[in-house]
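Biologist: I would like to learn how to read a structure like this one, feature by feature. Please start from a single residue and work outwards.

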Amino acid sequence: MSSSDVKKKISIYNLKTKKEILNYYKDWTTNNQYNKDMIDWKYEAPSNSVKLLDHYSNDKSIKILDAGCGTGLVGELLYKKGYKNLHGADFSGDMLNLVPKNLYSSLELLDLNKKLKFEDESFEAVICVGTFTFGHVKANALSEFLRILKKNGLICFTINEGIFKEYKFDIKINDLTEKNDWKIIKFLKTSYIIKKEVESWICLARKK
Ligand SMILES: C[S@@+](CC[C@H](N)C(=O)[O-])C[C@H]1O[C@@H](n2cnc3c(N)ncnc32)[C@H](O)[C@@H]1O
């Protein structure tokens with residue numbers, strides 16, 4: 001599907017500035033509406049991603065960064081699978097306010113388009129779901145995720161089908177592979193938001 005076709009499906013896809021997006025999430029979180037919509041829209045990205053990461057991880061004690069954690073939908077699924085060393089980061093304080101208490105060991109309010117405050121090689125996994133989408137986080141964040149990952153660490157992320165080429169994720173992914181920064185284990189098109197008929201790419205890679 002073309003980028004402009006996908007853009008028509010959900011109104012947030014047409015926003016451009018950080019301020020517009022933060023205001024949108026402020027409204028969307030009122031009365032827990034974001035979480036209600038994700039159930040109603042059959043948003044499958046969190047369960048697809050958690051299943052994929054869990055399939056390739058053989059250790060439940062790994063330290064995981066949930067980058068763009070929002071209200072914690074991904075964290076909750078990881079927690080149910082037995083992962084307890086969870087750390088969340090997002091730039092919307094309104095989304096973070098809806099995160100269940102004690103789900104994450106730490107929560108950071110930060111912009112994933114900037115250099116991250118985390119030390120090199122400080123996580124064993126990074127998961128980033130629903131955040132590589134229109135107007136949100138750009139492909140360069142993948143380099144930052146690799147910087148903060150330990151050798152052999154896992155990275156799992158979705159990319160909205162509408163931005164894959166427009167935001168040059170195709171080029172960035174090839175570049176990281178050619179530089180031998182990671183080894184891609186799975187990369188496929190999958191369901192994302194079923195009711196809105198939007199699909200995503202999903203990727204699971206291991207840092208070299
Ligand atoms: C569609 S939500 C997905 C949230 C969660 N991962 C989930 O699957 O429900 C996208 C999230 O990305 C966050 N986000 C967008 N741009 C960001 C940025 N530049 N830095 C950090 N977080 C950002 C938003 O605040 C929002 O919580």
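Modeller: Take Lys-186, which is found in strand β6. Helices (H or I, at least four residues) and strands (E, at least two) are DSSP runs, numbered from the N terminus. This is a predicted model, in which local features need pLDDT of at least 70, side-chain atom pairs count only at pLDDT 80 or more, and totals for chains, interfaces and linings use all residues. Residues are numbered from 1 along each chain as its sequence is written.

Biologist: Is Lys-186 buried, exposed or partly exposed?

Modeller: The general idea is a neighbour count: a residue is buried if 20 or more other C-beta atoms lie within 10 Å of its own, exposed if 12 or fewer, and partly exposed in between, with C-beta atoms placed from the backbone. Lys-186 counts as partly exposed because it has 13 C-beta neighbours inside 10 Å.

Biologist: Which residues does Lys-186 touch, leaving out those up to four places away in sequence?

Modeller: Two residues are in contact if their C-beta atoms, placed from the backbone, lie within 7 Å. By that test Lys-186 touches Leu-52, Cys-203 and Leu-204. For a pair at longer range, take Lys-186 and Glu-44: they are 142 residues apart along the chain, and their C-alpha atoms are separated by 17 Å.

Biologist: Leu-52 leads to helix α4. How do I check the length of that helix against its residue count?

Modeller: The expected span of a helix is 1.5 Å times one less than its number of residues. Helix α4 covers residues 45–56, and its 12 residues should span 16 Å; the end C-alpha atoms are 17 Å apart, which agrees.

Biologist: Which residues of α4 are buried?

Modeller: They are Ala-45, Pro-46, Ser-49, Val-50, Leu-52 and Leu-53. Seen down the axis of α4, these buried residues fall within an arc of 160°, so they line one face of the helix. The arc is that of the directions from the helix axis to the C-beta atoms.

Biologist: Why would such a spacing give one face?

Modeller: An α-helix has 3.6 residues a turn, so residues three or four places apart point the same way.

Biologist: What do the buried residues of α4 pack against?

Modeller: They pack against α5 (73–80) and against four strands, β4 (123–132), β5 (149–160), β6 (182–193) and β7 (198–207).

Biologist: Where does the ligand fit in, and what surrounds it?

Modeller: A residue is near a molecule if its C-beta atom, placed from the backbone, lies within 6 Å of it. The shell around the ligand has 20 residues, the closest being Gly-68, Gly-70, Phe-91, Ser-92 and Gly-130. At least two shell residues come from each of α4, α5 and β4, and β4 has the largest share, 3 residues.

Biologist: How many shell residues are nonpolar, polar and charged?

Modeller: Ala, Val, Leu, Ile, Met, Phe, Trp, Tyr, Cys and Pro count as nonpolar, Asp, Glu, Lys and Arg as charged, and the others, Gly among them, as polar. The shell divides into 11 nonpolar, 7 polar and 2 charged residues.

Biologist: What should I look for in the backbone angles?

Modeller: Most residues other than glycine have a negative phi. Asn-32 has a positive phi of about 60° although it is not a glycine. Asn-32 sits in the loop between α2 (18–28) and α3 (33–40), and it is exposed, with 11 other C-beta atoms within 10 Å. Glu-121, also not a glycine, has a positive phi of about 50°. Glu-121 lies in the loop between β3 (106–109) and β4, and is partly exposed, with 14 other C-beta atoms within 10 Å.

Biologist: Please contrast these with Phe-169. Is Phe-169 buried or exposed?

Modeller: Phe-169 counts as buried because it has 20 C-beta neighbours inside 10 Å. Phe-169 is in helix α8 (residues 169–178). Not counting residues up to four places away in sequence, Phe-169 touches Phe-132, Ala-139, Ile-159, Ile-163 and Phe-164.

Biologist: How does the whole chain read?

Modeller: The protein chain has 8 helices and 7 strands. Its radius of gyration is 16 Å, close to the 17 Å that the globule rule gives for 208 residues, so the chain is as compact as a globular protein of that length. The radius is taken over C-alpha atoms, and the rule is 2.2 Å times the number of residues to the power 0.38. Of the 208 residues, 41% count as buried. Among contacts with a separation of 6 or more, 68% join residues 24 or more positions apart.
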